[in-house]
Every structure is written in C-alpha cells, then in structure tokens.
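User: I would like to learn how to read a structure, one feature at a time. Where should we begin?

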Amino acid sequence: MWSRVVEFMLGCWLAISPFVFGHAESQTTLWVMDWVCALLIISFALLSYWPPLRHIHLATAFLAIVMICYGRFASPEQVIPALQNHIVTGLLLLMFALIPNHASHPPRIWYRESHN
C-alpha cells in the first residue's frame, strides 16, 4: 500500500503549499481549495487501510480531476504557480490513485502454490 503513503505525502504537501507559494490573505479560494483537498486526500489515503473502505482511494482520482480542472480554468488569463501546483499535484494523485492497494503483493496464485 505504498501508493497510499505517497498520496498521504502529497496531501501534506498540498496543506503546506499555501505557505510555500505565499497565497495572499485575499486569495481565500486558493486557501480553501488547498486545505479542503489536502484534508480529503489525507483522509482517503488513511481510510483505505481499513478493509471495508479499501477502495475509497478511488475517490482521490475524482478529486485529482477536480484539482486539474480548477488549476487549468480558475484563471483564464495566466496560470499562476499555485494553480500549476494544483495541476501537477492532481496529475500525480491521479496516477497513484489508480494503483490498487495490493499492488506490492505477489499474485495469489503464487502464494497458493508455495504453500501446497
């Protein structure tokens, strides 16, 4: 479940990115977008470790698409670095969200053959 760890780290990055990019106090939409997305990404990554919610990481893929679209269309005249961060982080999240939880485990058939 290494991909969930990467998602968690990207969520942490998104939470601190307003301070890194120096969002102005007047840019409340960017602050809210960063922190709400960070909270949801971190929550989805952690909840995916609980077996009944093991597929909730797929909600991260939807959230990543929202982030990419927001980053691209929020400012039509120019894409500021904070919005570029949304696009790049969204693309990375989309890539990792599609990796299943059990991707680092060997196929079940190998496990059954070695124990017979």
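Analyst: What follows goes from the whole chain to single residues. This is a predicted model, where local features need pLDDT of at least 70, side-chain atom pairs count only at pLDDT 80 or more, and totals for chains, interfaces and linings use all residues. Residues are numbered from 1 along each chain as its sequence is written, and side-chain values use heavy atoms, with hydrogens and water left out.

User: How many helices and strands does the chain have?

Analyst: Helices (H or I, at least four residues) and strands (E, at least two) are DSSP runs, numbered from the N terminus. Here the count is five helices and zero strands. In sequence order this gives the pattern α-α-α-α-α.

User: How does the radius of gyration of the chain compare with that of a compact globule?

Analyst: The radius of gyration is taken over C-alpha atoms, and the globule rule is 2.2 Å times the number of residues to the power 0.38. For 116 residues, a compact globule would come out near 13 Å, whereas the chain has 17 Å. The C-alpha trace spans about 65 × 20 × 20 Å along its principal axes.

User: What share of the residues is buried?

Analyst: Buried means under 20% relative accessible area, exposed means over 50%, and partly exposed lies in between (1.4 Å probe, protein chains only). By that rule, 35% of the 116 residues count as buried.

User: Which examples show the three classes?

Analyst: T89, in helix α4 (residues 81–97), has a relative accessible area of 3%, so T89 is buried. I16 belongs to helix α1 and is partly exposed because its relative accessibility is 45%. P76 lies in the loop between α3 (58–73) and α4; P76 counts as exposed because its relative accessibility is 67%.

User: What does T89 touch?

Analyst: Contact means heavy atoms within 4.5 Å. Leaving out residues up to four places away in sequence, T89 touches L10, W13, L14 and M67. Over the whole chain, 65% of the contacts between residues at least 6 apart in sequence join residues at least 24 apart.

User: How far apart in space are P76 and V36?

Analyst: Separation along the chain and separation in space are two separate readings. P76 and V36 are 40 residues apart in sequence, and their C-alpha atoms are 23 Å apart. For I16 and C69, the figures are 53 residues along the chain and 21 Å between C-alpha atoms.

User: How many salt bridges are there?

Analyst: Side chains of opposite charge can pair when their charged atoms come close. A salt bridge is a side-chain nitrogen of Lys or Arg within 4 Å of a carboxyl oxygen of Asp or Glu. A search of the whole structure finds one. It joins the side chains of E7 and R4, at 3.0 Å from N to O.

User: Where do E7 and R4 lie, and are they buried or exposed?

Analyst: Both are in helix α1 (residues 2–21), three residues apart, which is about one turn of the helix. E7 and R4 are both buried. E7 has a relative accessible area of 0%, so E7 falls in the buried class.

User: Which residues does E7 touch?

Analyst: Not counting residues up to four places away in sequence, E7 touches I41, A45, H57, T60, L93, F96 and A97.
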